[in-house]
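Take a look at the chain below. We will walk through its elements, then its core, then its charged side chains.

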Amino acid sequence: MSQPQLRTWLEATTTGKRRLKAGLPETWRVGNKTGPAYVEGMANKYNDVAVALPDAGGELLIIAAYFEVDGAYPRIRPEDEDVLRQVAASTLDWLGG
């Protein structure tokens, strides 16, 4: 497998549109890999890893976010996805832009 192929697969991922990708500028090239964990009797766990390249060039940015919600739910809720969006937005703020 080559890096270009992996990047193509990550950028084609559609499951994370409301997660880390949502907190980054739309003009950036962003690929990601999402994942939930639903285990009976345990709180849901969510993760997302994004690889982003600014539209004006610059350094490649990799963001990984993992968190556990307050209970077990049958599917990811909008407020859970928003936590991941906020992580990406906060990362950009922390980097100064």
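**A tour of the chain**

This predicted model has 2 helices and 3 strands. Start at the N terminus and follow the chain. The elements come in the order α-β-β-β-α. Now consider the overall dimensions. Along the principal axes, the C-alpha atoms fill a box of roughly 45 × 35 × 15 Å. The accessible surface is about 6,300 Å². Carbon and sulfur atoms hold 56% of that surface.

How much of the chain is buried? Of its 97 residues, 36% count as buried. Look next at contacts between residues with a separation of 6 or more. Within that set, 44% join residues 24 or more positions apart.

Now turn to the inside. In soluble globular proteins, nonpolar side chains tend to be buried together. Here the largest nonpolar core has 16 residues. Those with the most contacts inside this core are Leu20, Leu24, Trp28, Val30, Ala52, Leu61 and Ile63. Strand S2 (45-53), strand S3 (61-68) and helix H2 (78-95) each supply at least two core residues. Which of the elements gives the most? That is S3, with 4 residues.

Pick out Ile63 and see what surrounds this residue. Setting aside neighbours within four places in sequence, Ile63 is in contact with Leu20 and Leu24. Ile63 also touches Asp48, Val49 and Ala50. Val87, Ala88 and Thr91 complete its list of contacts.

Next come the charges. The chain carries 11 positive and 13 negative side chains. The centres of the two sets lie 6 Å apart. How many salt bridges are there? The count is 8.

Take Lys45 and Glu68 as one example. Their closest N and O atoms are 2.7 Å apart. This salt bridge links distant parts of the chain: Lys45 is in strand S2 and Glu68 in strand S3, 23 residues apart. Lys45 has 29% relative accessibility, so it counts as partly exposed.

Asp82 and Arg85 form another salt bridge, with N and O atoms as close as 2.6 Å. Both lie in helix H2, and they are about one helical turn apart because 3 residues separate them. Asp82 is partly exposed, at 26% relative accessible area. Arg85 is partly exposed too, at 29%.

Are Asp80 and Arg77 buried or exposed? Asp80 is buried, with a relative accessible area of just 3%. Arg77 is buried as well, at 18%. These two form a salt bridge, their closest N and O atoms being 2.9 Å apart. They also belong to a network of salt bridges that links Asp70, Arg77, Glu79 and Asp80.

Definitions and conventions. Residues are numbered from 1 along each chain as its sequence is written. This is a predicted model: local features need pLDDT of at least 70, side-chain atom pairs count only at pLDDT 80 or more; totals for chains, interfaces and linings use all residues. Side-chain values use heavy atoms; hydrogens and water are left out. Buried means under 20% relative accessible area, exposed over 50%, partly exposed in between (1.4 Å probe, protein chains only). Contact means heavy atoms within 4.5 Å. Accessible areas come from the Shrake-Rupley method with a 1.4 Å probe; for residues, only the protein chains shown count as cover. Lys and Arg count as positive and Asp and Glu as negative; His and the chain ends are not counted. The place of a charge is taken as NZ of Lys, CZ of Arg, CG of Asp or CD of Glu. A nonpolar core is a set of buried Ala, Val, Leu, Ile, Met, Phe, Trp, Tyr and Cys residues joined through side-chain atoms within 4.5 Å. A salt bridge is a side-chain nitrogen of Lys or Arg within 4 Å of a carboxyl oxygen of Asp or Glu.
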